[in-house]
Each structure stands twice: as C-alpha cells, then as structure tokens.
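User: Please go through this model with me in questions and answers. I would like the reasoning kept brief.

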Amino acid sequence: MLGRRHHREGALIMAQNDTGATTVAAPAPSTDNTDLVVVRNLKKYFPIRRGVFQRVVGQVQAVDNVSFAVRRGETLGLVGESGCGKSTAGKAILQLDRPTSGEVWLDGEDLVKLKGEKLRLMRRKMQIIFQDPFASLNPRMNVGQIVGEPLEVHGVAKGKDKEERVKELLKVVGLNPQFMTRFPHEFSGGQRQRIGIARALALNPSFIVCDEPIAALDVSIQAQVVNLLKDLQRQFGLTYLFIAHDLSMVRHISDRVAVMYLGRIVEIADWRAIYDDPKHPYTQSLLSAIPIPDPVIEAKRQRIILEGDVPSAANPPPGCRFSTRCPVRQERCYSDDPQLREIVPGHWAACHFA
C-alpha cells in the first residue's frame, strides 16, 4: 500500500488548446503500476423525453468529461454540492450506470468495454457502500443472507464455509456474529452501515466506492464509521473513492481531494494543498463555509457568498461552468472553457486565473 500523503501525480496525456497552452486532456495509467483506477473523459448523459412518443428533446449532462486517477492504497475524496454529479460518477465508474462515453481502467482492464461474464468477474474487484444504510439492505433477508449473498453469487463459498466467512466479516466490522439471524430493521443506522461495509468486503475487493456512507448517520456515529473505514484500509490495503459533501469529514480520511462542480472536476490536489491553499474560486467558497471552532478566527475570516443558483445540467453555460456565479470572472470566462492545468506540482485547477 502506498504511504500516506504521497504527492506524486500519475502520468497524464497532454494536449494543446486553441491558444497553444498545454492542458491536461486525461490521465493515463502510470508506468510503475501506481494507479489502480484511471478514469478518462467519462461522460454520463441522461435523455430528456417529452410528448406522446417520448422523443428525446435534450440531455442532462450529469457527468461531463471527467478524468482522474486513484492510486493503489489511497483515498481520493470527491466533493461538491448536491446535484453536481458525484454519485453518478461513482456508479458510472462501477458500471452500475453504463457511461455514455469514456474509459474506466481497473487493474489494466477497460470496464466500459467489458460485458457479460467478463464484467461479472471484474465486479469481485470493485464494490460500493451506499448512502442509505436501510434502503440498500433487503428487509426480507437476515444479516447472514445479506452479507453471504455475494459469496454465493460468485461461487466463492456455500454452506458451512459461507457461514464461517460471514461470521468473520461481522467481527471485522465490529458486529457480534450472533446477529446473523437478525433483520435490518432490528439495527441502528450505524449498525446497518456496518452490515453494508461487511457485504462490500465479502469478495476481498481492491477498490470500493464509498457513496456518502455517513450522510444519513448521526454526527456521533459518523466518526466511528470513518475510523472503521480507515482501519479496514490499513488492514486489507483497500483503495477508496470517498464521495461526500462534508468537507470537514473528507479532510480526515482523504489523501487527495477532487472538487466537482456541475458535472466536471474543477480542482484536484493533495488534501493539505486543497485546504491550505485552494486555487479555484469554487473551492475557496466551499471552504469558507466550514465553521471554525475559534470565535477569534471566525470573526476575522471573510465568508465568500456565491450569487445566483447552480445552472441546470440540461443547459450548462458556455465557457466556464462556474462563470455565472464566480466572484472573479472576466469576459473570457463566458466563452473559453478552462481545462485542468497544473498550477504547482501535484495541484491541478480548471480556472483561467488560478
């Protein structure tokens, strides 16, 4: 597993824009096999249908041209306000929602091109922890059946072997193995999320998408679940894509952070660089909204209030998508689409004036 706070950025495919400046087109797999997951130009559009014949009259650009890499053993935090496309991106990476276009490489295999049995076999390497710990668990199945289902589906274990494996998984996530015969409604929210984590670990995956796994939990339980995820990462060498909108919690679990706005990545860097020296105006506004538990510092701090509302993903503005709300926008922002570029080593931002 990689050491924590590793700063080296993966290899990147370079291109030139209309002005001749070098920009990042998409990440490429590293030559030393450092990157476990590589996402290139990922798009997920949902059709808008109207009329009696349900004709397509437009498209919701939920994820538009997203590119990044996740290194082995690290946690990449994916943050942004509600509706920016975070969860859709996570599901598209796992092929739960088939992407409109793009590439998703996992261990040297392009998942977008896989179908049928080949894709089913690759699913053993990737799992997801859902946001709602109750809706994601079948209420008609007990804990033993829920956690053991992946083992049966993939032919890993049956009968007594499956039962022993389930007991072992429950111990790993801090639950009593005797809970196997209980049903989801008999547990608290935090316990249900632990069941979901045990199910995700059943097939020994290398990559897990954590889709806002603490959003539906009490504040007192959130820290427990995050600490559990960190312990499991160290124990099993897991790689996480941690999706959240709670920036203060992302800070504690992530090695690097990617900021998403209206379907696109606008900034990506080491967690410390993001929080100490954000380059993109949107990231700066997000961080300014985090309360600081020091009245002296809080009183001196300047809060960045964004004007207007988030544009519709069905009709995004031309040029920079943040131009309608950006406090430092200029004329070129309304026509020129900024590409991710390296501002300082390892720190990338999609802003003309970063």
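The exchange below covers the overall dimensions of this predicted model, then a sheet, then a strand and its partners.

User: What radius of gyration does the chain have, and what would a compact globule have?

Analyst: The chain has 354 residues, for which a compact globule would have a radius of gyration near 20 Å. The C-alpha trace spans about 65 × 55 × 50 Å along its principal axes. The value for the chain agrees with the globule rule: 21 Å.

User: How much of the chain is buried?

Analyst: A residue counts as buried at under 20% relative accessible area. The accessible surface of the chain comes to about 17,000 Å², and carbon and sulfur atoms hold 50% of that surface. Of the 354 residues, the buried share is 50%.

User: Which strands stand at the edges of the sheet E4-E3-E6-E7?

Analyst: This sheet is open, with four strands paired antiparallel in the order E4-E3-E6-E7. An edge strand here has a single partner strand, so one side of it is left without a neighbour in the sheet. That applies to E4 (55-71) and E7 (109-110).

User: Which helix packs on that sheet, and at what angle to E3?

Analyst: Within the sheet, E3 (residues 35-50) and E6 (residues 101-106) are joined by five bridges, with Val 39 of E3 partnered by Val 104 in E6. The helix that packs on the sheet touches E3, E4 and E6. It is H1 (residues 86-93), whose direction makes with that of E3 an angle of about 115 degrees.

User: Why is strand E11 described as largely enclosed, and how many of its residues are buried?

Analyst: In a regular strand, side chains alternate between the two faces of the sheet. On one side of E11, Arg 256, Ala 258 and Met 260 are buried, and on the other Val 257, Val 259 and Tyr 261 are buried too. E11 is therefore largely enclosed by the rest of the structure, the buried count being six of six.

User: Which strand runs parallel to E11, and which residue of E11 stands opposite Gly 77?

Analyst: Four bridges join E11 to E5 (residues 75-79), and these two strands run parallel. Gly 77 lies within the range of E5, and the residue opposite Gly 77 in E11 is Val 257.

User: What is the phi of Leu 262 in the turn between E11 and E12?

Analyst: E12 (residues 264-270) runs antiparallel to E11, with six bridges between them. Tyr 261 has Arg 264 in E12 as its bridge partner, and the hairpin has two residues between its strands. Leu 262, in that turn, has a positive phi of about 50 degrees.

Conventions: Residues are numbered from 1 along each chain as its sequence is written. This is a predicted model: local features need pLDDT of at least 70, side-chain atom pairs count only at pLDDT 80 or more; totals for chains, interfaces and linings use all residues. Side-chain values use heavy atoms; hydrogens and water are left out. Two strands pair if DSSP finds at least two bridges between them. Contact means heavy atoms within 4.5 Å. Axes are lines fitted to C-alpha atoms, for helices over the stretch in contact, and angles run from 0 to 180 degrees between N-to-C directions. Buried means under 20% relative accessible area, exposed over 50%, partly exposed in between (1.4 Å probe, protein chains only). The radius of gyration is taken over C-alpha atoms; the globule rule is 2.2 Å times the number of residues to the power 0.38. Accessible areas come from the Shrake-Rupley method with a 1.4 Å probe; for residues, only the protein chains shown count as cover.
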